[in-house]
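Me: I've got a fold open in the viewer and I'd like to learn how to read it properly. Could you walk me through it, feature by feature?

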Amino acid sequence: MNTRRNFLAAAGLLAAGAASRAALAVAPEPHHRAAADTAPPLHPGSGRPYNPVVTLNGWSLPFRMNNGVKEFHLVAEPVEREIAPGMVARLWGYNGSSPGPTIEAVEGDRVRLFVTNKLPEHTTVHWHGILLPNGMDGVGGLTQPQIKPGQTYVYEFVLNKSGTFMYHPHADEMVQMAMGAMGLFIVHPKNPRQMAVQRDYAFLINAYDIDPGASVPRVNTMLDFNLWTWNSRAFPGIAPLVAQTGERVRIRIGNLTMTNHPIHLHGHVFEVAGTDGGWVPKTARWPEVTVDVAVGQMRAIEFVADNPGDWAFHCHKAHHTMNAMGHSVPTMIGVQQDDLTPALQKLLPDYMAMGSSGMAEMAEMDMPLPDNTLPMMTGRGPYGAIEMGGMFSVLKVRDRLPELAAQTPDQLAWATLDAFGWYAMPAGTQARAVDAALAPAAARDPHAPAPTSAPSGGASAPAAAPQTLQVQKPGAHHGH
Ligand SMILES: [Cu+2]
């Protein structure tokens, strides 16, 4: 008991250091979770009250109170992560998952974080965005010795600011983050009524370069990643976000990739309510439909879910809403491949001509893929293939959440995409096919030169335009 008290006293004063055997004896038993579904929000059983977040396809790390200190135990280790059904990646993470579990605490809390290294190389943990004593910053070589394999270190500091933060190694950083070692660190306001929302979602943006058929990321990739993920999940593996009409929704986003991601929400206008530095004063917010989250940044967006429907929510870099593909795929639009296909199929029986009129056909094709490989574009909605992959999900807003109406909002938060079906559009509110003759003629710039009959492209010119573009009649009224 004496040893323990001495350790606890010392921990507050010293920089992060290797935990003694006595210290390890008091470290909380580490919690593990390997499942990739969304865990229910973890309501605190002790400590200050707060409204827990829902981590998309993730979970929050249970803690214990020890003489007023909130104690967590992270274990850095190799993990297996299902990126989406049909593909499992071998990554590095914490406590059984990549990303590691979300750490939730409250402004004013003193936290004690034990870190055990079960990776094959040394590591550290940097608490990204949190203001703390220099010795707790987790930069291997600069503020502490590296945590060698098998060692346990302890970090301890007081959280003096609420907001959305992250944790990740600051040791062999490029490799360890390319392998998926990272997590969210949420600090809730001391007053649970401050900044209260009905739904509080959180996820990290990450990216991997995993060859088709492989399961271990290439760790030397700088920019040319091929799997664009949220919480190490790609569409259709990313959980939907759910809200009831009128609810205030917060989505917290942290970016630990090597590039920026313009995150775009359909059907709603949001405000950036939180940045790296904390909360944005209400008077300083402006309306947005896309928020660019730069490398190393955190953003919390907020909006009232006032528009029922199944709304796309995705990164607006188009190649980030696709799964792994060869970058050397040539552009084939307009190329007639009919003659080539039989010849090539003699050599490559699985060969399919693709891309002559775009790539949409690929979403419907049953292409032969190597094992453990996701289709480039996938996911099915009520009207067919969604033709998406990567960083794409759906915000499902309903006036009433029928099948689950008896449950609490908290319980609804982790509902899956098919838990309550697709949005039924009210009559007359959906785009539909019509007879082209009913449409007004397309307006044309009167000063533009008349289109020539023979395109200059010669043999490789695109095939005839689709029928719908040929309805313009001479003398018809030109739109204005
Ligand atoms: Cu992106």
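Me: Let's begin with contacts. Among those between residues at least 6 apart in sequence, what percentage join residues at least 24 apart?

Reply: That comes to 74% in the protein chain. Keep in mind that this is a predicted model. The secondary structure amounts to six helices and 25 strands, and 38% of the 480 residues count as buried.

Me: Which residues have the most contacts inside the largest nonpolar core?

Reply: Those are V115, M166, F185 and L227, in a core of 94 residues. Strand β12 (residues 199-208) gives the largest share of this core, seven residues. For a taste of the packing, take V115: leaving aside neighbours within four places in sequence, V115 touches L74, A76, V125, I147, T152, Y153 and Y155.

Me: OK, β12 then. How many of its residues are buried?

Reply: 10 of the 10, so β12 is largely enclosed by the rest of the structure. The cut-off behind that word is 20 or more other C-beta atoms within 10 Å.

Me: Which way do the side chains go?

Reply: In a regular strand they alternate between the two faces of the sheet. Here R199, Y201, F203, I205 and A207 point one way from β12, while D200, A202, L204, N206 and Y208 point the other way, and all are buried.

Me: Which strands does β12 pair with, and in what sense?

Reply: Go through them in turn:
- β2 (residues 54-55) is parallel to β12, with two bridges; V54 has Y201 as its bridge partner.
- β15 (residues 248-255) also runs parallel to β12, joined by seven bridges, and F203 partners I253 there.
- β13 is antiparallel to β12 over four bridges, with N206 opposite T229.

Me: Now a sheet. What is the strand order in the open sheet of five?

Reply: Read across, the order is β14-β25-β22-β16-β20, and the pairing is mixed. At the edges are β14 (241-244) and β20 (290-293); each has a single partner strand, so one side of each lacks a neighbour in the sheet. From one strand to the next the twist averages 20°. For one pairing inside this sheet, look at β16 (residues 261-265) and β22 (residues 309-315), which are antiparallel and share three bridges. There, I263 sits opposite C315 of β22.

Me: What should I look for in the backbone angles?

Reply: Most residues other than glycine have a negative phi, and most peptide bonds are trans. Exceptions are worth finding in the viewer. N95 has a positive phi, near 55°, and S232 also has a positive phi, near 55°.

Me: Where are those two, and are they buried or exposed?

Reply: N95 lies in the loop between β5 and β6. It is buried, with 23 other C-beta atoms within 10 Å. S232 belongs to the loop between β13 and β14, and is buried too, with 28 other C-beta atoms within 10 Å.

Me: And which peptide bonds are cis?

Reply: One is the bond joining S98 and P99, where omega is about 0°. P99 falls in the loop between β5 (87-94) and β6 (103-106), the loop that also holds N95. Another is the bond from F235 to P236, with omega near 10°. P236 is in the loop between β13 (227-230) and β14, where S232 is found as well.

Technical notes: Residues are numbered from 1 along each chain as its sequence is written. This is a predicted model: local features need pLDDT of at least 70, side-chain atom pairs count only at pLDDT 80 or more; totals for chains, interfaces and linings use all residues. Two strands pair if DSSP finds at least two bridges between them. Axes are lines fitted to C-alpha atoms, for helices over the stretch in contact, and angles run from 0 to 180 degrees between N-to-C directions. A nonpolar core is a set of buried Ala, Val, Leu, Ile, Met, Phe, Trp, Tyr and Cys residues joined through C-beta atoms within 7 Å. A residue is buried if 20 or more other C-beta atoms lie within 10 Å of its own, exposed if 12 or fewer, and partly exposed in between; C-beta atoms are placed from the backbone. Two residues are in contact if their C-beta atoms, placed from the backbone, lie within 7 Å.
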